[in-house]
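This briefing goes through a few local features, grouped by topic. Please keep the sequence and the 3D view at hand while reading.

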Amino acid sequence: MIRAIRACKTAAEERGVVRKECAVIRAAISENDPDYRHRNLAKLMFIHMLGYPTHFGQMECLKLIASAGFPEKRIGYLGLIDLNHSNQYIVGLAICALGNICSAEMARDLAPEVERLFQTRDPNIKKKAALCSIRIIRKVPDLSENFMSPAASLLKEKHHGVLIAGVQLCTELCKASAEALDYLRKNCTEVLVRILKDVSNSPYAPEYDIAGITDPFLHIRVLRLMRTLGQGDADSSDFMNDILAQVATKTESNKNAGNAILYECVETIMGIEATSGLRVLAINILGRFLSNRDNNIRYVALNILMKAIAIDAQAVQRHRATTLECVKDSDASIRKRALELVFLLVNDTNVKPLTKDLIEYLEVSDQEFKGDLTVKICLIVEKFSHEKLWYIDQMLKVLIEAGNFVKDEIWHALVVVISNAPDLHGYTVRSLYKALQNSCEQESLVRVAVWCIGEYGELLINNVGVLDVEEPITVTESDAVDVVEISLKRHSSDITTRAMSLIALLKLSSRFPPCSERMREIIIQQKGSLVLELQQRSLEFNAIIQKHQNIKSSLVERMPVLDESAYHNKKAASAPGNLSEGKTSQATGGASVKLPNGVAKTPAAPLVDLLDLSSDDIPQPSSSGGDFLHDLLGIGLAPSPSSAGGGAMSSSGVDALLDLLSIGEAPVQNDLLASNSVSTSQDKLPSISPLERLSSVSSPVSSQSTGAAPVVDLLGGLSTNSSASAEGSSVYPSIVAYQSESLKIMFSFSKQPGNQQTTFIQAMYTNMSSNVYTDFLFQAAVPKFVQLKLDPGSSNILPSSGNGSITQRMVITNTQHGQRALGMRLRISYKVDNQDKMEQGQVNNFPVGL
């Protein structure tokens, strides 16, 4: 039809074509044909645009609107749109319909008509035209340049409804186009300042008044647009400073409407290039918010203060006392947010008073909050401690009050620090002994105390290294043994604590000869334990005390000083974010080993490794992530799963001696008794530090020899390979799921035995940029055959420059496990300086078997 009309050469010929088409459409309407109703109505709309009467099709529009399909509904609504009607209500309905149902093509065609409506006198039509323009710009950002001048003209209107719509349109234009942002900065900044000044100083107006404040909605919209225009622009910000200071000082905060305006005003001051005095004023307003009785107001104040630290930390520090009070609030959300803020407030000058206040609150805090509070205190103490005595004192206080909430890596680090402070060994073991007398139910405290008594028990008895701040105590050898015995027999002690207690008794049997027989009796009581690990240790330690007095003193001598830097390097390498990087290829012969940091290093000989505590060994393929401190303490209770090419142990003359010292190690190969020759398999395996095997009494290591002879009885008839290996367990390497210039996402995996379909994924997000990410949100989509459950993240604020991370746990169930591999799409959204950012990616490198 359109082609036929355009081919007409005269008006009479065109009228004939239109008359003929209208007749055909009338016939179709009479026949009530639903299939071609929307097409006929589209023809009528084109005929109407040519100026011909089409009123006979109005009922067809209503029928299409009532139909079920969206295409038919859209044509029906479009047929009723009349932007040129003389009735303002019909025009208003047409604008609403256009804003809600228009497609990108319709928006391009009708944008000039909407723009023309900005010139009408009716404020309702202007307001609706502005709101419709926002929808059009969102669908077609290229049209933003058409609306820049009309949007600026709306800011000169007196009607508040038109003003609000115009401000919203300007805000949308700034988001859609950098050109529009520059244009509005030059032409609208002064106008916005005038609007805000007029509405702030206006007298009482009943139609706009809310709680004694004139139109708070207009206040808020104007402040948000000013924040957008002033961000990163010093000239615009200077122009806004005076009016922002006026709003901040004159607005009353005793009503919710006033608080809303003050909140937006503070956000604007923090978002633009404001003066330092204005920022201090804004932070002081937030300090008043912290004292408000309304939980919501306190919560938003804490959120803004966390972002304000990066801008003016000194001003935020003035409200440290109020923030500490919020940590003790009854509302769990406020407590958690305030604790995060306090953590950010800590520096070298205030670390001691802040830590003191937090530990005092730890004594009376709720049980559900002790976990978060303990983690933050330990991180603060570890990060800002410059004196080992202060570090040990604070950690002991935490262990006494909340030892059950202290994670393993925290007390492992404490053991390393104690080992490196020889002047404080006596003080530490005495402090732990006294603490254990009053607080024996804290598991981590018991472990550290038992370890220290086993290592430094003679210092406890002889009062060696007494400090001026100490009160002298008298402890006998029997008293020290009593403490370890109670820890071993305590009903709530777990396997790790009991195993450490047995090791401590073995060591004390050499240091306290008069009590040796008593300690042997305590140890042998565990031979009937239902826990195989404890039963094995009991029998082996009893054999050492009874039959191997000549080597006992060498076996149980004090542990060498642990290298702090080596420990922290190994801890970082075994972390979930670095596990995949830390896994290296197997070295052969004298080839160099590729370390996680990219430095090549030749594997040291086994005897050298025995003495070289700082060597960077290859991470062992164990379920614990290769935490070497477990092996040093002798608490590697879980058997390591075998790994292809990485589970076999070499045998040599040196290893034979080490097998004598390593109770419960791998079977000796056939040729160990026949000759002193060294197995050639030594050249095919990575170097494993014998020191790490010295105390790990239950880590079975498979032998590569096929037909091995019976195990040599080194300890009087005890079987040395009684630990059962884990069946069906697998170690999946961690992966870099997503990485951009500023964001890195690591996935680490685990499974429950017997359930291969379900995978637990621990995600860790790291921000490598110099900007703090706020409102951080991770979203994921998986195929239909996969079920995904996302737990909440540990936080929604991601620190800058890798100074922290967010962790999040997810559970994935692959209903077609073994048939189809996993796949995942990611979407990460966050805010940088209050600007929305989004990143997307796809994960295709999941390990095989998930």
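In this predicted model, Glu458 and Arg558 form a salt bridge in which the closest N and O atoms are 2.2 Å apart. The pair links distant parts of the chain, 100 residues apart: Glu458 belongs to helix α25 (residues 443-462), while Arg558 sits in the loop between α30 (549-555) and α31 (564-573). Glu458 counts as partly exposed because its relative accessibility is 22%, and buried would require a value under 20%. Arg558, at 34% relative accessibility, also counts as partly exposed.

**Other salt bridges**

- Asp482, Glu485, Lys489 and Arg518 are joined into one network by salt bridges that share partners.
- Over the whole structure, a search finds 30 salt bridges.
- One of them connects Glu264 with Arg227, with 3.3 Å between the closest N and O atoms.
- Glu264 is in helix α14 (residues 256-271) and Arg227 in helix α12 (residues 216-230), so this pair ties together parts that are 37 residues apart in sequence.
- Glu264 and Arg227 are both buried.
- Asp329 and Arg298 also meet through their side chains in a salt bridge, at 2.3 Å from N to O.
- This pair, too, links distant parts of the chain, 31 residues apart: Asp329 is in the loop between α18 (320-327) and α19 (332-345), and Arg298 is in helix α16 (residues 295-308).
- Both Asp329 and Arg298 are buried.

**Helix α16**

- The helix that holds Arg298 has 14 residues, and from its first C-alpha to its last it reaches 20 Å, close to the 20 Å expected at 1.5 Å a residue.
- At the start of α16, the backbone nitrogen of Asn296 has a side-chain oxygen of Asp294 within 2.8 Å.
- Which residues of α16 are buried? They are Ile297, Arg298, Ala301, Leu302, Ile304, Leu305, Met306 and Ala308.
- The buried residues of α16 pack against α14, α15 (276-290), α17 (313-317), α18 and α19.
- Among these neighbours is α14, the helix in which Glu264 lies.

**Asp408 and its surroundings**

- Asp408 is part of helix α23, which covers residues 408-419.
- Is Asp408 buried or partly exposed? Its relative accessibility is 33%, so Asp408 counts as partly exposed.
- The side chain of Asp408 makes a polar contact of 3.1 Å with the side chain of Trp411.
- Asp408 and Ser444 are 36 residues apart along the chain, and their C-alpha atoms are separated by 7.8 Å.
- Ser444 falls within the residue range of α25, the helix that also contains Glu458.

**Strands β10, β13 and β14**

- Strand β13 (residues 824-832) pairs with strand β10 (residues 774-781) in the antiparallel sense, over 6 bridges.
- Within this pairing, Arg827 in β13 stands opposite Gln779.
- Strand β14 (residues 835-843) pairs with β13 as well, again in the antiparallel sense and over 9 bridges.
- Lys831 has Asp836 in β14 as its bridge partner.
- How many residues lie between β13 and β14 in their hairpin? There are 2 residues between the strands, and Asp833 in the turn has a positive phi of about 55°.

Technical notes:
Residues numbered from 1 in each chain as written. Predicted model: local features only at pLDDT ≥ 70, side-chain atom pairs only at ≥ 80, totals over all residues. Heavy atoms only, no water. Helix = DSSP H or I, 4+ residues; strand = E, 2+ residues; numbered from the N terminus. Buried < 20%, exposed > 50% of the residue type's maximum accessible area, 1.4 Å probe, protein only. Polar contact = N/O pair within 3.5 Å; in protein donor to acceptor, adjacent residues only side chain to side chain. Pairing = 2+ DSSP bridges. Salt bridge = Lys/Arg side-chain N within 4 Å of Asp/Glu carboxyl O. Expected span 1.5 Å × (residues − 1). Contact = heavy atoms within 4.5 Å.
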